[in-house]
Amino acid sequence: MNAGETQRAPWIVGVSGASGTPYAAAVLRALLAAGESVDLVVSRAARLTLLDETGISFRDAHWQEDLREWLARGADGKPETFDVDVEEVRYWSAGDLAAGPSSGSYPAKGMLIVPASTACVAGVALGLSKDLLQRAASVTLKERRKLVVAVRETPLNGQTLRHLVALDDAGAAVVPASPAFYAGATHIQDLVDFVAGRVLDAAGVGHGLYRRWEGELGGGTRTT
């Protein structure tokens, strides 16, 4: 790095196999819109979920093309809803345990796991590091960086609840993928954006994804 050059410090975004790929897409779009750099890790199970929920095959060799198609799609499945530039995204294969995010010396602001499956939650809580997603999360915790886990499952059994408590004790922020309705949602994208916004709130990243509560009843139902 040349003198005076700013070191790239990305947010690592891990996408696990839980249902909820529109949440991940909304978070990724908002990070890029905020001028943030992103390192992306998509688990093997997440590829299956993405194919099932969107029809998009996420391929290592064509990841930029596939990512653009994914992020351009609305939560309702309509293609070309958003115009997204993915130049600030660096992609790492989930099987690449020698990747940058596997080391604590790799500069990163923190990590967002969205959506987080119960298997992913268990792996991170137990420190299994079976793939790059889990390893990067473990590194994030040991380096005392921000880790946000957007768990997407219902109902939650006792074992998963204990794993979530362990993550909270370790310093992670646990954000259930639970949309709220006070913001005046009129479209499925509004509900998705609310959850994505709460994930970004937990990370401390600015955004304008949802209407915030202002202490006034009925504010979300008013038109402007």
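A cavity is a set of grid points where a 1.4 Å probe fits but cannot get out. With that idea in hand, we can take a tour of this structure, which is a predicted model.

**Empty spaces**

Rolling a probe the size of a water molecule over the atoms shows where empty space is left. How many cavities of 30 Å³ or more does the structure hold? There is 1, and the volume of the largest cavity is about 30 Å³. Its lining is made by Ile12, Pro101, Ser103, Tyr106, Ala108, Ala136, Val139, Thr140 and Arg145. Helix α5, residues 132–142, gives the most to this lining, with 3 residues. Sorted by class, the cavity lining has 6 nonpolar, 2 polar and 1 charged residues.

Next comes the largest pocket, whose volume is about 210 Å³. It is lined by 14 residues, and the closest to its centre are Ser43, Arg44, Ala45, Lys130 and Asp131. Helices can be spotted here too: the elements that give two or more residues to the pocket lining are α2 (44–54), α4 (118–126) and α5. By class, the lining of this pocket has 5 nonpolar, 6 polar and 3 charged residues.

**The nonpolar cores**

In soluble globular proteins, nonpolar side chains tend to be buried together. Here, the largest nonpolar core has 41 residues, and those touching the most other members are Leu31, Leu40, Phe58, Leu67, Trp70, Leu71 and Leu112. Helix α1 (residues 21–33) supplies the largest share of this core, 9 residues. Another core lies apart from it, with 24 residues, among them Met111, Val121, Leu133 and Ala136.

Let us look at one member of the largest core in detail. Beyond its neighbours within four places in sequence, leucine 67 is in contact with Leu28, Leu40, Phe58, Val86 and Val89.

**Three buried residues to look up**

Is arginine 73 buried or exposed? Arginine 73 counts as buried because its relative accessibility is 15%, and the limit for buried is under 20%. You will find arginine 73 in the loop between α3 (63–72) and β3 (89–93). Its side chain reaches the backbone oxygen of glycine 77 at 3.1 Å. Setting aside neighbours within four places in sequence, arginine 73 is in contact with Arg29, Thr54, Ile56, Lys78, Pro79, Thr81 and Phe82.

Glutamate 36 sits in the loop between α1 and β2 (38–42). With a relative accessible area of 14%, glutamate 36 is buried. Which side chain does the side chain of glutamate 36 meet in a polar contact? The partner is the side chain of lysine 109, at 2.7 Å. Lysine 109 also appears in the list of contacts of glutamate 36 that leaves aside neighbours within four places in sequence, together with Trp11, Leu31, Glu88 and Val205. Between the C-alpha atoms of glutamate 36 and threonine 6, the distance is 13 Å, and the two residues are 30 apart in sequence.

Glutamine 134 belongs to helix α5. Its relative accessibility is 3%, so glutamine 134 counts as buried. Once neighbours within four places in sequence are left aside, glutamine 134 is in contact with Ala119, Cys120, Gly123, Val124, Leu128 and Ser129. Its C-alpha atom is separated by 14 Å from that of valine 151, 17 residues apart along the chain.

**Backbone details**

Two peptide bonds and two phi angles deserve a look, and the table puts them side by side.

| Place | Feature | Value |
|---|---|---|
| Valine 114 to proline 115 | cis peptide bond | omega about -10 degrees |
| Threonine 154 to proline 155 | cis peptide bond | omega near -10 degrees |
| Glutamate 80 | positive phi | about 55 degrees |
| Arginine 144 | positive phi | near 60 degrees |

Where are these residues? Proline 115 is in strand β4, residues 110–116, while proline 155 lies in the loop between β5 (146–151) and α6 (158–169). Glutamate 80 is in the loop between α3 and β3, and arginine 144 is in the loop between α5 and β5. Neither glutamate 80 nor arginine 144 is a glycine. Glutamate 80 is exposed because its relative accessible area is 75%, and the limit for exposed is over 50%. Arginine 144, with a relative accessible area of 69%, is exposed as well.

Note on methods
Residues are numbered from 1 along each chain as its sequence is written. This is a predicted model: local features need pLDDT of at least 70, side-chain atom pairs count only at pLDDT 80 or more; totals for chains, interfaces and linings use all residues. Side-chain values use heavy atoms; hydrogens and water are left out. Helices (H or I, at least four residues) and strands (E, at least two) are DSSP runs, numbered from the N terminus. Buried means under 20% relative accessible area, exposed over 50%, partly exposed in between (1.4 Å probe, protein chains only). A polar contact is a pair of N or O atoms within 3.5 Å; within protein, one must be able to donate a hydrogen and the other to accept it, and residues adjacent in sequence count only if both atoms are side-chain atoms. Contact means heavy atoms within 4.5 Å. On a 1 Å grid over the protein atoms alone, a cavity is a set of points where a 1.4 Å probe fits but cannot get out, and a pocket is an open set with protein on both sides within 12 Å along at least five of seven lines; lining residues have an atom within 4 Å of a point. Grid points are joined across faces, edges and corners, and a volume is the space filled by probe spheres set on the points. Ala, Val, Leu, Ile, Met, Phe, Trp, Tyr, Cys and Pro count as nonpolar, Asp, Glu, Lys and Arg as charged, and the others, Gly among them, as polar. A nonpolar core is a set of buried Ala, Val, Leu, Ile, Met, Phe, Trp, Tyr and Cys residues joined through side-chain atoms within 4.5 Å.
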